[in-house]
Amino acid sequence: MEQISTLLRRTMPFQMVTPGLLSAIARFSKWQLFARGDVIYQVGDRPDDIYVISAGKVQHTLPASDGTSQPLEKTMLSGDVFGWAAVLDNQSGRLAETVCTERTEVLRIDGKKLLDLFAGTPDTGDVVMSRFATMITKEFNASSTVAAQVHHYPLSGPGAFTAAPKMPTGLTLTMFRASQWLKSPKPYLMLLGFTIFLGLWYLTVEVWKLPRFRDMPGLTVVVKELFSKDPIYGLSLYTPEYYEHIWVSVRRVAIAFLLATVLGVPLGLFLGWSRSFREYIFPLFETLRPIPILAWVPLAILMFSGSETPVIFLTFLASFFATGLNTMLGVESIDESYSRAAMCLGASKWQVFKEVVIPGAMPFIFTGLQISVGVAWFSLVAGEMVSGQFGLGYVINTSYTMVRYPTIVIGMITLGAVGYTTSAFVRLIGDYMMQWRVRELALGGR
Amino acid sequence: MTIASRLKKKIPSRAGLRATISLVVFLILWEAGARSKQWLGVSLPWIGMIPAPTAVLRVWAGLLNDRGYWQSWYLSLFRVLAGFIAAMVVGIPLGLLMAVSKNFNSISFPTFEILRPIPPLAWVPVAIIFWPTQELSIAFVTFLGAFFTVVINVVGGARAIDIRYFQSAQAMGSSQWDIFRRIVLPATLPSIVVGSSVGMGITWNVVVAAEMISGGGSQTGGSGGGLGFFIWNSYVGGSYEQIVVGMLSIGIAGYACSELLRSLGGYLTPWLKKR
């Protein structure tokens with residue numbers, strides 16, 4: 001299939017045809033091998049198929065139409081197409097004789113099915129048919145009456161196809177990509193990787209029971225616990241507490257992250273934009289930043305009462321530094337000539353800020369936000385482990401102290417999944433808000 | 001050199017002046033806020049709970065002669081370096097292998113990506129169960145903290161190399177080893193440097209947390225559990241000034257490590273010097 005598509009793609013009339021159409025064509029094509037001297041068809045044979053040469057050479061002879069002039073001869077090589085009579089209207093017989101001059105391999109495409117396919121996709125089909133017409137006229141100097149027999153699908157007016165032109169929709173495109181992905185070795189290697197990882201886990205802990213692994217929660221124990229309706233250790237997909245813990249953690253991260261974004265982005269923008277503001281504030285920022293967030297834990301507990309606010313404060317602090325710093329770097333990375341150009345055109349300072357600084361810093365802001373989400377989860381877990389009443393970090397820590405080891409792993413897996421989802425979500429929003437950048441990267445072929 | 005320019009050198013730059021102003025203002029506000037109860041009779045929310053900078057300084061000065069305090073420094077630094085170096089030793093070759101071999105990448109990367117979003121601290125209990133000593137379990141969690149960052153950076157750096165470099169090197173008859181030494185290594189070095197300095201920051205974060213959760217737990221003495229435990233112990237013991245001393249100490253230690261790494265990175269990648 002892959003080979004057929006590749007061959008078709010470099011063949012004249014099929015160039016620039018959508019991958020979907022190519023694979024459709026490939027489905028009703030078949031390989032055929034001819035020896036030297038084989039006659040592929042004679043004049044007057046039934047024109048049913050179109051041929052594409054994969055390897056070899058054929059001699060194509062079109063008898064002179066009036067009997068007096070020389071017959072038209074053409075040698076066709078690999079990559080050429082012949083047998084186009086199959087796409088002519090009302091053509092009952094072959095116009096030329098075709099003989100292989102060496103061992104030849106061809107791809108035989110069912111002409112009728114090809115025409116049906118093109119009838120179904122007039123937007124592409126018409127283009128291919130026009131190319132056929134051009135080829136026939138140009139390469140064989142055939143009379144225009146022959147070329148005119150190639151059926152065109154008028155785009156409007158009487159005889160136009162009623163079917164609306166079909167563009168690949170999101171779903172079909174996704175399906176196509178998924179099918180391509182399934183054809184590549186990637187997913188299978190991926191599965192192999194998971195299998196190796198899970199297999200090692202299973203074997204070391206539960207089968208071989210290696211000395212150091214003896215106390216570790218095993219794979220089957222964890223899986224059984226996770227899917228059990230009546231969990232031994234009290235936490236599974238069926239217990240409401242599980243979702244409550246997730247919800248509490250997500251809520252804390254969300255509050256802290258939003259707060260950090262609302263405060264950190266403007267701060268970063270001003271830090272990057274105004275020099276004197278930066279000279280006053282940045283040293284302070286840089287003095288506090290190297291202090292690990294976790295070192296704030298006791299102070300946070302002292303400063304804020306309860307168990308909820310300190311955890312949110314810690315999470316906020318971590319995200320805030322990441323967001324602020326990245327935003328500032330983003331503003332600094334903007335080429336200064338942009339601001340100058342805007343000023344030359346009479347933009348006010350505020351306009352420069354709004355039209356140049358903010359969009360220019362956007363990619364960095366979103367990188368910062370992604371880092372910030374990751375950091376937020378990191379400090380949330382720490383905060384919850386040290387001072388929490390609920391949440392996933394709390395689950396992990398209490399499971400440890402109460403010797404409910406499988407629950408530790410359930411907590412870890414859940415944390416990983418939730419953490420991944422949130423950062424994917426931030427990335428999605430970023431891509432949505434920076435369409436121009438996504439396109440730029442796509443055009444750059446990256 | 002004229003007198004004016006000499007004079008100018010004596011006066012600190014505007015940025016330095018402003019930095020000093022901002023820090024001094026910050027310290028004054030902090031002092032005032034912390035002593036609000038003493039001075040105004042009303043305890044301000046939040047900041048009123050924090051010990052004042054002058055009190056912190058007094059406690060700190062006393063601690064400078066304390067062996068336990070310096071022992072905490074040493075322990076934390078040792079754990080950070082152990083985890084960090086292990087992460088570099090394992091992470092760099094793994095990252096390079098992932099970047100070079102497509103199949104290896106397909107096998108290992110998804111598993112890697114599934115483990116990556118799990119915060120290093122969530123590994124703490126597992127590490128404690130698995131490793132025989134506390135020291136090793138902390139070092140393992142520290143290792144995890146830096147490991148993922150280093151690998152991701154190395155893979156990214158090696159992937160970004162222009163393929164034409166390889167082609168031209170091969171065309172000129174370079175051996176595999178030469179290509180590795182003269183193209184792959186210099187090209188990935190900047191990302192290794194970046195990854196390691198980010199990793200270093202994470203390592204300090206992790207070490208503090210791990211020490212708080214597990215580190216000093218079994219140690220009955222007031223010191224000896226590293227700086228993270230120093231802070232936690234100060235909190236439990238109610239000596240709040242020491243908490244701030246601990247925080248500042250870790251800040252200094254972390255900053256010094258990053259700075260050291262940065263200058264080392266600058267020395268290793270001289271071609272990246274700013275114009």
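Biologist: Leaving aside neighbours within four places in sequence, which residues is A:Asn397 in contact with?
Modeller: Keep in mind that we're looking at a predicted model here. A:Asn397 is found in helix H15 (residues 392–401) of chain A. Once you leave aside its neighbours within four places in sequence, the residues in contact with A:Asn397 are A:Met385 and B:Ile213.

Biologist: Is A:Asn397 buried or exposed?
Modeller: The relative accessibility of A:Asn397 is 17%. The cut-off for buried is under 20%. So A:Asn397 counts as buried.

Biologist: What distance separates the C-alpha atoms of A:Asn397 and A:Val381?
Modeller: Along the chain, these two are 16 residues apart. In space, the C-alpha atoms of A:Asn397 and A:Val381 are separated by 9.4 Å.

Biologist: Let's move to A:Ser236. Is A:Ser236 buried or exposed?
Modeller: A:Ser236 sits in a loop of chain A, between helix H8 (219–226) and helix H9 (240–273). Don't let the loop fool you, and check the accessibility. The relative accessibility of A:Ser236 is 0%, so this residue counts as buried.

Biologist: And which residues does A:Ser236 touch, not counting those up to four places away in sequence?
Modeller: There are partners on both sides of A:Ser236 in the sequence, once you skip residues up to four places away. The list is A:Glu225, A:Leu226, A:Ser228, A:Pro231 and A:Tyr242.

Biologist: Which residues touch the most other members of the largest nonpolar core?
Modeller: Some background helps: in soluble globular proteins, nonpolar side chains tend to be buried together. The largest nonpolar core here has 131 residues. The ones that touch the most other members are A:Leu299 and B:Leu121.

Biologist: Which helix gives the most to this core?
Modeller: The top contribution is 15 residues. It comes from chain A, from residues 349–386, and that is helix H14.

Biologist: Which residues is A:Leu299 in contact with, leaving aside neighbours within four places in sequence?
Modeller: Look across to chain B for these partners. A:Leu299 is in contact with B:Ile50, B:Pro51, B:Ile243, B:Val244 and B:Met247.

Biologist: How many residues are in the second, separate core?
Modeller: You can find this core through members including A:Leu8, A:Phe28, A:Val52 and A:Ala86. The number of residues in the second core is 28.

Biologist: On to sheets. Which strands are at the edges of the open sheet with the order S2-S7-S4-S5 in chain A?
Modeller: This sheet has four strands with antiparallel pairing. An edge strand pairs on one side only. That picks out strand S2 (39–41) and strand S5 (72–77) of chain A.

Biologist: Which residue in S5(A) is the bridge partner of A:Gln59?
Modeller: Strand S4 (residues 57–62) of chain A runs antiparallel to S5(A), and six bridges join the two. Within that pairing, the partner of A:Gln59 is A:Thr75.

Biologist: In the sheet with the order S1-S8-S3-S6, why is one side of S1 and S6 left without a neighbour?
Modeller: This is another open sheet of four strands in chain A, again with antiparallel pairing. Each of the two edge strands has a single partner strand, so one side has no neighbour in the sheet. The strands in question are S1 (29–34) and S6 (81–82).

Biologist: Which helix packs on that sheet?
Modeller: Start with S3 (residues 49–55) and S8 (residues 104–110) of chain A, two antiparallel strands joined by six bridges. A helix touches S3 and S8, and its direction makes about 50° with that of S8(A). It covers residues 111–120 of chain A and is helix H3.

Biologist: Is the pair of A:Phe285 and A:Phe320 stacked or edge-to-face?
Modeller: The ring centres are 6.3 Å apart and the planes stand at 65°. Planes over 60 degrees apart count as edge-to-face. So the pair of A:Phe285 and A:Phe320 is edge-to-face.

Biologist: Where do A:Phe285 and A:Phe320 lie?
Modeller: They are 35 residues apart, and the pair links distant parts of the chain. A:Phe285 is in helix H10 (residues 275–288) of chain A, and A:Phe320 is in helix H12 (residues 308–333) of chain A.

Biologist: Last one: how far is A:Lys349 from the centre of the ring of A:Trp273?
Modeller: The charged end of A:Lys349 sits over that ring. Its distance from the centre is 5.2 Å.

Methods
Residues numbered from 1 in each chain as written. Chains lettered and ligands numbered in written order. Predicted model: local features only at pLDDT ≥ 70, side-chain atom pairs only at ≥ 80, totals over all residues. Heavy atoms only, no water. Buried < 20%, exposed > 50% of the residue type's maximum accessible area, 1.4 Å probe, protein only. Contact = heavy atoms within 4.5 Å. Core = buried A, V, L, I, M, F, W, Y, C linked by side-chain atoms within 4.5 Å. Pairing = 2+ DSSP bridges. Phe/Tyr/Trp six-rings, centres within 6.5 Å; stacked < 30°, edge-to-face > 60°. Lys NZ or Arg CZ within 6 Å of the ring centre and 35° of its normal. Axes fitted to C-alpha atoms, helices over the stretch in contact; angles between N-to-C directions.
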